[in-house]
Structures are given as structure tokens and as C-alpha cells.
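Biologist: Could you take one part of this model and walk me through it closely? I'd like to hear what sits beside it and what surrounds it.

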Amino acid sequence: MKTIYENTINSIGPLATTFLEEKMIILFGEGAPKELAEFCYEIEVVGVEDTIKPGQKLMINDESFEITSVGDIVEQNLTSMGHITLRFDGSTNPELPGTLYMEEKDLPAFEIGTKLKIVSE
């Protein structure tokens, strides 16, 4: 198994859970504008090791979610500012360029210290 990307949630904005009902999580690297940071799960800005593609897995701690589609600027945004949206709706058409889409299933708790990892077989 090859690791494509790896990060940890460092802090959680007071309004970050606002989008959970829509099965969305917003990630942002440290230094997000204050009005945005309130809605975000903060991560470090780190590079992506390889291309992120459908069929790979997003691991949230030990739980696996299949990636169903990848917006055009997901890798660029992760590498430059750590800012993407994770959407768990199973979409195979990446409507939003900064969104990573995963299979639709119940979301685990996102807490400080939650590990995020994208892997390919």
C-alpha cells in the first residue's frame, strides 16, 4: 500500500460541524482567514506524494472511504494551502474543483488528532 498524502487535524473551528449534515468537511492549512477558519478543520500544509485518483482510499484513522472523484485543483490546493472540501456523497462527477468526493457512508468523528491518509493499493 502506497501513501499519497498524510495529515492530522490540529484544531477545529467553532462552526466546523455546520456542514456535517451535508456530508461535507472543510480542511484548511494553518493561517486560514478568520471568517473561513471558523468553518474549518485545520491541518498542516504538506505536499502530495503522487496523483490522487478515483479508486484510491481516504483513511480517517482506521476507517476506509473509497475516493469516487477528484476535483481539478485538489492536489494544487492541498499542497499550496491545505484547503479542500471532503464530500461523502459518492459523486462520480467532480462538480467543484477543490472538492474530493468519497463513497457515501456514515462519517466517523473528526477530532483534534484525527489522522487523514490517502493510499493506493
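Modeller: Let's take strand β3 and begin with its partners. β3 runs parallel to strand β4, residues 41–43, and three bridges join the two. If you want a spot to click on, go to F28, which stands opposite E42 in β4. Bear in mind that this is a predicted model.

Then there's strand β7, residues 84–87, which runs antiparallel to β3 and is joined to it by four bridges. Here a handy pair to look at is I26, with T85 of β7 standing opposite.

Now for how enclosed β3 is. The strand covers residues 24–29, and six of its six residues are buried, so the rest of the structure largely encloses it. "Buried" here means a relative accessible area under 20%. In a regular strand, side chains alternate between the two faces of the sheet. In β3, M24, I26 and F28 point one way, while I25, L27 and G29 point the other way, and all of them are buried.

Follow I25 and you get to F88, since I25 is on the contact list of F88. Leaving out neighbours within four places in sequence, F88 also touches K23, L58, I60, F65, M102, E103, E104, L107 and F110. F88 is part of the largest nonpolar core, a set of 25 residues. Along with I52, L86 and L100, F88 is among the residues with the most contacts inside that core. Strand β6, residues 63–70, gives the most to this core, with three residues.

For contrast, have a look at two places with more open surroundings. K34 sits in helix α1, which spans residues 34–37. Its relative accessible area is 64%, so K34 counts as exposed. K34 and G13 are 21 residues apart in sequence, and their C-alpha atoms are 9.5 Å apart in space.

The other place is N93, in the loop between β7 and β8 (99–102). Is N93 buried or partly exposed? N93 is partly exposed, because its relative accessibility is 48%. Setting aside residues up to four places away in sequence, N93 touches S69 and Y101. The C-alpha of N93 is also 8.3 Å from that of V70, a residue 23 places away along the chain.

So, back to where we started: β3 has β4 on a parallel run and β7 on an antiparallel one, and six of its six residues are buried.

Note on methods
Residues numbered from 1 in each chain as written. Predicted model: local features only at pLDDT ≥ 70, side-chain atom pairs only at ≥ 80, totals over all residues. Heavy atoms only, no water. Buried < 20%, exposed > 50% of the residue type's maximum accessible area, 1.4 Å probe, protein only. Pairing = 2+ DSSP bridges. Contact = heavy atoms within 4.5 Å. Core = buried A, V, L, I, M, F, W, Y, C linked by side-chain atoms within 4.5 Å.
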